[in-house]
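Visitor: Hi! I'm new to this one and would like a friendly walk through it. Could you bring it up for me?

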Amino acid sequence: MMRFIKQGWRSIIAILLILILWEMAINIFSVEEWLLPAPSVIFTDLFKVWPNFYPHLLSTLLLSILGFIIGSTIGLSLATLLHLFKGLKKTFYPFLILSQNIPIIVLAPLLVIWFGFGTIPKFIIITIACFFPIAVSTLSGLQQTNRDLVFYMQMMGANKSQIFWKLELPDAVPAIFSGLKIAATYSVMAAVVSEWLGAQKGIGVFMTMATSSYKTSHVFVAIIITMILSLTFFSVILLLEKLFSRWQKKGARL
Amino acid sequence: MSLVIKKVGKSFEDKIVLKDVSFEVGKGEFVSLIGPSGSGKSTLFGMIGGIISPDEGDIIMSNQSILNKRGHMSYMPQQDSLFPWRTVLENVLLGQEISSEVTKDKAIQMLQIAGLKDVINAYPAELSGGMRQRVSFIRALLCPQNLLCLDEPFSALDEFTRIDMQQWLLETWEKYEQSILFITHNIEEALFLSDKIVILSHSPAVVKEVIEIPFARPRDPALMLTDEFLKWKRKVMNLIQSKN
Ligand SMILES: Nc1ncnc2c1ncn2[C@@H]1O[C@H](COP(=O)(O)OP(=O)(O)OP(=O)(O)O)[C@@H](O)[C@H]1O
Ligand SMILES: [Mg+2]
């Protein structure tokens with residue numbers, strides 16, 4: 001926590017400054033609340049609406065965690081397959097990139113037509129958003145294995161699966177984590193967007209209700225919570241990364 | 001274990017690298033391979049490791065051909081090639097993981113004997129170059145294979161560390177029974193360490209001479225200052241420089 005404050009104080013000061021300017025601007029130009037609420041209003045609303053908001057948050061949290069896990073698993077397995085079978089990679093790599101050109105806004109209603117309003121279309125949307133950064137960074141990590149180490153493994157008579165499990169995969173861990181970090185933030189966004197498709201609960205639902213009733217401050221509450229959720233996700237992955245790459249702290253032990 | 005290299009030849013594209021190369025490594029023998037850069041020493045190792053196939057000739061280990069067969073030797077490269085995410089102990093066990101069962105107790109014992117007790121749980125990035133090569137050698141020695149192939153293991157080290165390492169290598173190796181095939185560019189190193197030196201010529205490389213080194217074991221670095229040693233050094237130098 002101390003380290004976070006040490007490294008993040010610039011950002012914290014910047015945020016505070018923006019909030020103060022915002023508050024002042026609203027007062028000076030006397031902006032209507034439904035157009036743009038002042039930060040103070042948003043914060044008091046946050047506490048007022050919290051008991052109501054909490055179930056929505058839980059639902060989105062669950063959805064994004066599950067979606068993230070599904071998406072990362074698919075991304076990781078896909079990268080592994082494409083890496084192990086070079087022919088597959090040549091054939092399917094372009095599809096991987098094309099998958100990112102599908103506009104979700106167009107895809108979403110189609111998914112509802114095909115799969116109904118259940119959880120499946122939601123997971124598909126989150127997966128599409130999540131798997132790509134993981135697949136791409138894992139693949140590049142797997143491809144950049146130190147040549148000397150590969151040569152050593154071959155000279156020792158290691159087979160393909162030993163080279164993969166003992167060398168290529170652990171060597172790709174930093175790359176995999178950089179993909180996971182991006183995917184973690186995407187997954188929260190994608191979960192919220194997917195809830196616009198229609199759901200009983202979720203931050204996305206809360207947002208839609210707030211917008212349609214012109215409760216602008218509630219929209220901002222939802223945005224702030226979404227941001228905090230994203231950040232939390234990101235930090236958890238960061239923590240896991242630290243745990244997995246203790247060896248990178250050079251000379252720390254002696 | 002004995003290794004016989006039998007009339008091995010190899011060309012890359014139309015460049016003949018090795019031609020009619022034959023020599024033997026006996027049980028428990030320390031054999032050095034010296035020759036000019038590009039003469040095909042590492043290529044020969046690749047063949048023994050089974051990842052390069054010769055155009056002609058045969059490689060025989062304990063009366064069986066090991067042509068294109070992997071896993072019959074243990075290897076120590078020039079760069080230590082330790083895995084940065086593994087501790088010293090985990091690194092040392094890697095060779096065993098590849099070829100047989102893991103004997104952790106034996107590894108710890110070996111590291112202790114080799115003077116690496118204090119760094120058993122350290123990561124490679126925390127070690128000096130000399131220490132890393134020691135770990136790399138123990139990793140090779142711990143493998144069940146009876147032939148260790150060392151490709152210029154000390155050439156990246158400074159002179160002081162190098163002399164330390166040569167003596168440490170001998171002391172450590174003499175406790176075990178493996179044979180060693182050792183590539184070096186350094187004549188003194190080859191003389192001090194080996195029972196036998198195989199001299200390769202310029203390309204295409206043929207075996208210029210195989211000389212037996214008579215110094216008794218265990219050897220002491222003081223040996224390198226004796227007249228006898230210098231006489232042998234002169235002899236090897238002359239052989240290397242002589243025209244075929
Ligand atoms: N895969 C390859 N394709 C083409 N040429 C190769 C290949 N591998 C090695 N060579 C060539 O074979 C020759 C011998 O190479 P090698 O690495 O075995 O030499 P070396 O004796 O180990 O040299 P050094 O002492 O510098 O390590 C070199 O001329 C090299 O360019
Ligand atoms: Mg070489």
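Visitor: How do the residues of the shell around ligand 1 divide into nonpolar, polar and charged?
Guide: That shell has three nonpolar, seven polar and three charged residues. Keep in mind as we go that this is a predicted model.

Visitor: Which of the 13 residues around ligand 1 come nearest?
Guide: Those are B:Lys15, B:Ser37, B:Lys41, B:Ser42 and B:Thr43.

Visitor: And what lies 2.8 Å from an oxygen atom of ligand 1?
Guide: That is a polar side-chain atom of B:Lys41. An oxygen atom of the ligand is also 2.9 Å from a side-chain N or O atom of B:His185. The backbone joins in at B:Gly40, where an N or O atom lies 3.0 Å from a ligand oxygen.

Visitor: How much of ligand 1 does the protein cover?
Guide: On its own, ligand 1 has 630 Å² of accessible area, and the protein covers 61% of that.

Visitor: Which elements give two or more residues to the shell?
Guide: Two elements of chain B do: β2, residues 15-25, and α1, residues 41-48. The biggest share comes from α1(B), with three residues.

Visitor: Let's leave the ligand. At what angle do helices α2 and α3 of chain B cross?
Guide: Their axes cross at roughly 115° and come within 10 Å of each other. The helices span residues 88-99 for α2(B) and 104-113 for α3(B).

Visitor: Is that crossing left-handed or right-handed?
Guide: Right-handed, as α2(B) passes α3(B). On the α2(B) side, the contact is made by B:Val88, B:Leu89, B:Val92 and B:Leu93. From α3(B) come B:Lys104, B:Ala107, B:Ile108 and B:Leu111.

Visitor: What classes of residue are in that contact?
Guide: There are seven nonpolar residues and one charged residue, with no polar ones.

Visitor: New topic: where is the cis peptide bond?
Guide: It joins B:Arg217 and B:Pro218, with omega at about -5°. You can find B:Pro218 in the loop between β10 (207-212) and α7 (227-241) of chain B.

Visitor: What about B:Asn63, what is its phi?
Guide: B:Asn63 is not a glycine, yet its phi is positive, at about 70°. B:Asn63 sits in the loop that links β4 (56-61) to β5 (64-65) in chain B.

Visitor: We haven't looked at chain A. How many helices and strands are there?
Guide: Chain A has nine helices and zero strands. Its pattern along the sequence reads α-α-α-α-α-α-α-α-α.

Visitor: And what box do its C-alpha atoms fill?
Guide: Taken along the principal axes, the C-alpha atoms of chain A fill a box of roughly 75 × 55 × 30 Å.

Conventions:
Residues numbered from 1 in each chain as written. Chains lettered and ligands numbered in written order. Predicted model: local features only at pLDDT ≥ 70, side-chain atom pairs only at ≥ 80, totals over all residues. Heavy atoms only, no water. Axes fitted to C-alpha atoms, helices over the stretch in contact; angles between N-to-C directions. Helix = DSSP H or I, 4+ residues; strand = E, 2+ residues; numbered from the N terminus. Left-handed = near helix turned anticlockwise from the far one by under 90°. Contact = heavy atoms within 4.5 Å. Nonpolar A, V, L, I, M, F, W, Y, C, P; charged D, E, K, R; others polar. Near = heavy atom within 4 Å. Polar contact = N/O pair within 3.5 Å; in protein donor to acceptor, adjacent residues only side chain to side chain. Areas by Shrake-Rupley, 256 points an atom, 1.4 Å probe, with all protein chains shown as cover.
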